[in-house]
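Let's look at this chain together and ask, for each label, what earns it. The sequence and structure come next.

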Amino acid sequence: MTHTSNTPTTIEVWHNSPIRVTAILDRPIWFSLTQYDGLGYWYSREEDGGESHLYSAEVTGRFVDILDVEEELQKAGYDVDDTIADIASNPDEGEVMGIPGVAHLASLGWDGIIYPDYNQWDPQEDTDALLVFSPKGKIRSFSEVEDTKGKAKQAAEASGYDWSLDESHSLRHLRHLREWK
């Protein structure tokens, strides 16, 4: 599925954050392209014992699928696989624009890049994600998703994910913590 467009395009997206987001700042931000993937990132963070917030939004801009500009990046001296690996390695907002291939695409006027990232529901699979370089003014309708746990459970079960394994793992983990006291 190609999302590359030379004219601004509006895409519905989902963002997961360990903290409540109260304002969109002008620093890079990552998005899932489906609610299902967003719920996977929310669930993963929640299972790791952290606070997790899932937001839905609309983002407008010129976005390029990294695989559609592979030849252009190679001609400029950038390895696409290295660029993807650097993006998917979870750099912070300050580091991401220092990734050479990312900086090159931003210099060409792209507002964001669609790239393959790991799938939280199935680590053996990839899913597409969107990195928006400078989001201020490009994001609308940014709001927290309600009943995220219920939606995550429903999405997981609909795709065959065995939610009960996680619930039993959590119970065993809690029992284990009690034994340490």
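Q: What makes a set of residues a nonpolar core?
A: A nonpolar core is a set of buried Ala, Val, Leu, Ile, Met, Phe, Trp, Tyr and Cys residues joined through side-chain atoms within 4.5 Å. Buried means under 20% relative accessible area, exposed means over 50%, and partly exposed lies in between (1.4 Å probe, protein chains only).

Q: How should the model and its numbering be read?
A: This is a predicted model, in which local features need pLDDT of at least 70 and side-chain atom pairs count only at pLDDT 80 or more, while totals for chains, interfaces and linings use all residues. Residues are numbered from 1 along each chain as its sequence is written, and side-chain values use heavy atoms, with hydrogens and water left out.

Q: Which residues of the largest nonpolar core touch the most other members?
A: They are Ile66, Ile87, Leu105, Ile113, Leu131 and Phe133, out of 17 residues in that core. At least two core residues come from each of α3 (80–88), α5 (100–107), β5 (112–118) and β6 (126–132), and α3 gives the most, with three. Helices (H or I, at least four residues) and strands (E, at least two) are DSSP runs, numbered from the N terminus.

Q: What does Phe133 touch, leaving out residues up to four places away in sequence?
A: Contact means heavy atoms within 4.5 Å. By that rule Phe133 touches Arg27, Pro28, Met97, Val102, Leu105, Ala106, Trp110, Asp111, Gly112 and Ile113. There is also a second, separate core of twelve residues, with Val13, Phe31, Ala57 and Val59 among them. In soluble globular proteins, nonpolar side chains tend to be buried together.

Q: Why is Leu54 called buried?
A: Its relative accessibility is 0%, and the limit for buried is under 20%, so Leu54 counts as buried. Leu54 sits in strand β3 (residues 53–61). Beyond its neighbours within four places in sequence, Leu54 is in contact with residues including Trp14, Trp42 and Val145. Gly38 is also one of these contacts; the C-alpha atoms of Leu54 and Gly38 are 6.9 Å apart, with their positions 16 residues apart along the chain.

Q: What makes Gly40 buried?
A: With a relative accessible area of 2%, Gly40 is buried, because the cut-off is under 20%. Gly40 belongs to helix α1. Outside its neighbours within four places in sequence, Gly40 is in contact with Gln120 and Trp121. Gly40 and Gln120 are 80 residues apart in sequence but 5.1 Å apart in space, C-alpha to C-alpha.

Q: Why is Asn90 called exposed?
A: Asn90 has 53% relative accessibility, and exposed means over 50%, so Asn90 counts as exposed. Asn90 lies in the loop between α3 and α4 (93–96), and its phi is near 65 degrees, a positive value in a residue other than glycine.

Q: How do you know that Asp147 is exposed?
A: At 54% relative accessibility, Asp147 is over the 50% limit. Asp147 is in the loop between β7 (139–144) and α6 (148–158). Asp147 has a positive phi of about 50 degrees, although it is not a glycine.

Q: What makes Asp86 partly exposed?
A: The relative accessible area of Asp86 is 36%, which falls in between the limits of 20% and 50%. Asp86 lies in helix α3 and touches Pro91 and Ile99, not counting residues up to four places away in sequence.

Q: Why does Glu70 count as partly exposed?
A: Its relative accessibility is 30%, again in between 20% and 50%. Glu70 is in helix α2 (residues 70–75).

Q: How many helices and strands does the protein chain have?
A: There are seven helices and seven strands, and along the sequence they follow the pattern β-β-α-β-β-α-α-α-α-β-β-β-α-α. Of the 181 residues of the chain, 39% count as buried. Among contacts with a separation of 6 or more, 71% are between residues 24 or more positions apart.
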